[in-house]
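The following note is offered to a colleague who is about to examine this entry. The points are numbered for ease of reply.

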Amino acid sequence: MKNNNRMIRINDEIKREVSEIIRSELKDPRIGLITSILKVETTNDLKYCKIYVSILGDDEKKEETIDGLKNASGFIRKQIAARVNLRNTPELKFILDNSLEYGFKISKIIDDINGSSDKNNVE
C-alpha cells in the first residue's frame with residue numbers, strides 16, 4: 001500500500017510537470033494549445049512512463065502533435081530530471097487517448113436523442 005501511494009504521487013507530479021513543460025517551454029509548432037495530459041503510468045522501477053495525451057483536432061493534427069511530442073521527449077525528460085527529485089528519470093512514451101473525443105460524441109448523441117424525444121412529447 002505504501003508503494004502504491006508513492007507511485008500515485010510520482011505519477012501526479014510527472015503529469016503536472018509535463019503539462020507545464022508542454023504549455024510553457026516547448027516551441028514546436030506541431031504541438032498545439034489543445035493538448036491535454038490525461039493520465040501518467042510509471043513502472044515501479046521508474047524506467048518507463050506512459051503519458052496518455054488527448055488532442056482536439058483532425059487525425060492529421062493528432063499525428064503531427066504526437067510526432068512533435070516524441071521528438072521532444074528527450075527535452076521533456078531532461079526537464080523532468082531537473083524538476084522532480086527521482087533516482088531514475090523514466091523514458092517517456094506518448095500515447096494518443098481518444099476517450100474525451102469519444103465522450104463528446106456520445107454526449108452529443110444523447111442530447112440529440114433527448115431533443116427528439118422532447119419534440120415528440122410536445123406534439
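**Notes on the strands, the overall form and one buried glutamate**

1. Y52 has I95 in β3 as its bridge partner. The model in which this pair occurs is a predicted one. Six bridges connect β2 with strand β3, residues 91-96, and the two strands run parallel.

2. The other pairing of β2 has the opposite sense: strand β1, residues 35-42, is antiparallel to β2, with seven bridges between them. Within the pairing, T42 is placed opposite C49 of β2. Five residues lie between the strands of the β1 and β2 hairpin, and L46 adopts a positive phi there, near 60 degrees.

3. How many of the eight residues of strand β2 are buried? Six of them are, so that the strand, which covers residues 48-55, is mostly covered. In a regular strand, side chains point alternately to the two faces of the sheet. Strand β2 pairs with β1 through seven bridges and with β3 through six.

4. As to the overall order, the chain contains four helices and three strands. Read from the N terminus, the elements follow the pattern α-β-β-α-α-β-α. The chain is more spread out than a compact globule, because its radius of gyration is 19 Å, well over the 14 Å given by the globule rule for 123 residues. The C-alpha trace spans about 65 × 40 × 20 Å along its principal axes.

5. Burial and contacts may be considered together. Of the 123 residues in the chain, 32% are buried. For contacts between residues at least 6 apart in sequence, 67% link residues at least 24 apart. The exposed area of the chain is about 8500 Å², and 50% of this comes from carbon and sulfur atoms.

6. On charge, the chain carries 22 positive and 21 negative side chains. The centres of these two sets are 9 Å apart.

7. Is E17 buried or exposed? This residue belongs to helix α1, which comprises residues 2-24. Its relative accessible area is 8%, and buried means under 20%, so E17 counts as buried. When neighbours within four places in sequence are set aside, E17 is in contact with R83 and V84. A reader who inspects helix α1 may wish to view E17 together with these two residues.

Technical notes. Residues numbered from 1 in each chain as written. Predicted model: local features only at pLDDT ≥ 70, side-chain atom pairs only at ≥ 80, totals over all residues. Heavy atoms only, no water. Rg over C-alpha atoms; globule rule 2.2 N^0.38 Å. Buried < 20%, exposed > 50% of the residue type's maximum accessible area, 1.4 Å probe, protein only. Contact = heavy atoms within 4.5 Å. Areas by Shrake-Rupley, 256 points an atom, 1.4 Å probe, with all protein chains shown as cover. Lys, Arg positive; Asp, Glu negative; His and termini not counted. Charge placed at Lys NZ, Arg CZ, Asp CG, Glu CD. Pairing = 2+ DSSP bridges.
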